[in-house]
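Colleague: I've got a model open and I'd like to learn how to read it. Could you walk me through a few features?

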Amino acid sequence: QVQLVESGGGLVQVGDSLRLSCAASGRTFSSYTMGWFRQAPGKEREFVAARSASASDGITAYGGSVKGRFTISRDNAKNTVYLQMNNLKPEDTAVYYCAASQGGPGTNYRMYAYWGQGTQVTVSS
């Protein structure tokens, strides 16, 4: 069992940065792949980033729309995963969800069994 709580969302302007955090509780957090997804009203849930279990040598994956701007990282000692978002754009506006998977860093949300409640990110144009 893993419980996830996101934080760090807010209202920013184009070009600003935000750092989202996802605090996890659970006995085996360090063994999970962690991912970030986002969903805007009326749109499908979109893959953002994922990172495998290793904090230093893990495999990472990014959605094409955020590659080069967003960075996922994790601190297993703190049971926390982060999403550093730079050069934010209006199209980044969405609810961002943290998720955990027992598999690798896949892009399909269905492979992630555990989800946080989400945190709102709004980028003004």
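Colleague: Let's start with Asn79. Is Asn79 buried, partly exposed or exposed?

Modeller: Before that, keep in mind that this is a predicted model. Asn79 has a relative accessible area of 24%, so it counts as partly exposed. The cut-off for buried is under 20%.

Colleague: Where is Asn79 found?

Modeller: Look in the loop that connects strand 7 (70-75) with strand 8 (80-85). The backbone there deserves a look too. As a general idea, most residues other than glycine have a negative phi. Asn79 isn't a glycine, yet its phi is positive, about 55°.

Colleague: And what about the phi of Asn87?

Modeller: That one is near 50°, again a positive value in a residue other than glycine. Asn87 belongs to the loop between strand 8 and strand 9. With a relative accessible area of 40%, Asn87 is partly exposed.

Colleague: Okay, on to charges. How do I read salt bridges, and how many are there?

Modeller: The general idea is that side chains of opposite charge can pair when their charged atoms come close. Here the count comes to 3 salt bridges. Take Arg38 and Glu46, whose side chains meet with 2.9 Å from N to O.

Colleague: Which of those two is buried, and which is partly exposed?

Modeller: Arg38 is at 4% relative accessibility, so it counts as buried. Glu46, at 30%, is partly exposed.

Colleague: What else does Arg38 pair with?

Modeller: Asp92 forms a salt bridge with Arg38, and their closest N and O atoms are 2.8 Å apart. This pair links distant parts of the chain: Asp92 sits in the loop between strand 8 and strand 9, while Arg38 is in strand 4 (residues 33-39), 54 residues apart. Both Asp92 and Arg38 are buried.

Colleague: Which salt bridge does Arg69 form?

Modeller: Arg69 pairs with Asp92, with 2.8 Å between the closest N and O atoms. Arg69 lies in the loop between strand 6 (60-62) and strand 7, and Asp92 in the loop between strand 8 and strand 9, so the salt bridge ties together parts 23 residues apart in sequence. Arg69 is buried, as is Asp92. Put the pairs together and you get a network of salt bridges linking Arg38, Glu46, Arg69 and Asp92.

Colleague: Now the sheet. What is the order of strands in the open sheet of 4 strands?

Modeller: In general, strands of a sheet pair through backbone hydrogen bonds, either parallel or antiparallel. In this open sheet the order is 1-3-8-7, and the pairing is antiparallel.

Colleague: Which strands stand at the edges?

Modeller: Strand 1 (3-7) and strand 7 do; each has a single partner strand, so one side of each is left without a neighbour in the sheet. From one strand to the next, the twist averages 15°.

Colleague: How many bridges join strand 1 to strand 3?

Modeller: There are 5 bridges between these antiparallel strands. To trace one of them, start at Val5: its bridge partner in strand 3 is Ala23.

Colleague: Last one: which residues does the disulfide join?

Modeller: Cys22 and Cys98, with an S to S distance of 2.1 Å. The two cysteines are 76 residues apart, Cys22 in strand 3 (residues 18-25) and Cys98 in strand 9 (residues 94-101). Check the handedness as well: the angle about the S-S bond is -80°, and the link is left-handed. Cys22 and Cys98 are both buried.

Definitions and conventions
Residues are numbered from 1 along each chain as its sequence is written. This is a predicted model: local features need pLDDT of at least 70, side-chain atom pairs count only at pLDDT 80 or more; totals for chains, interfaces and linings use all residues. Side-chain values use heavy atoms; hydrogens and water are left out. A disulfide is a pair of cysteine sulfur atoms within 2.5 Å. Buried means under 20% relative accessible area, exposed over 50%, partly exposed in between (1.4 Å probe, protein chains only). Two strands pair if DSSP finds at least two bridges between them. Axes are lines fitted to C-alpha atoms, for helices over the stretch in contact, and angles run from 0 to 180 degrees between N-to-C directions. A salt bridge is a side-chain nitrogen of Lys or Arg within 4 Å of a carboxyl oxygen of Asp or Glu.
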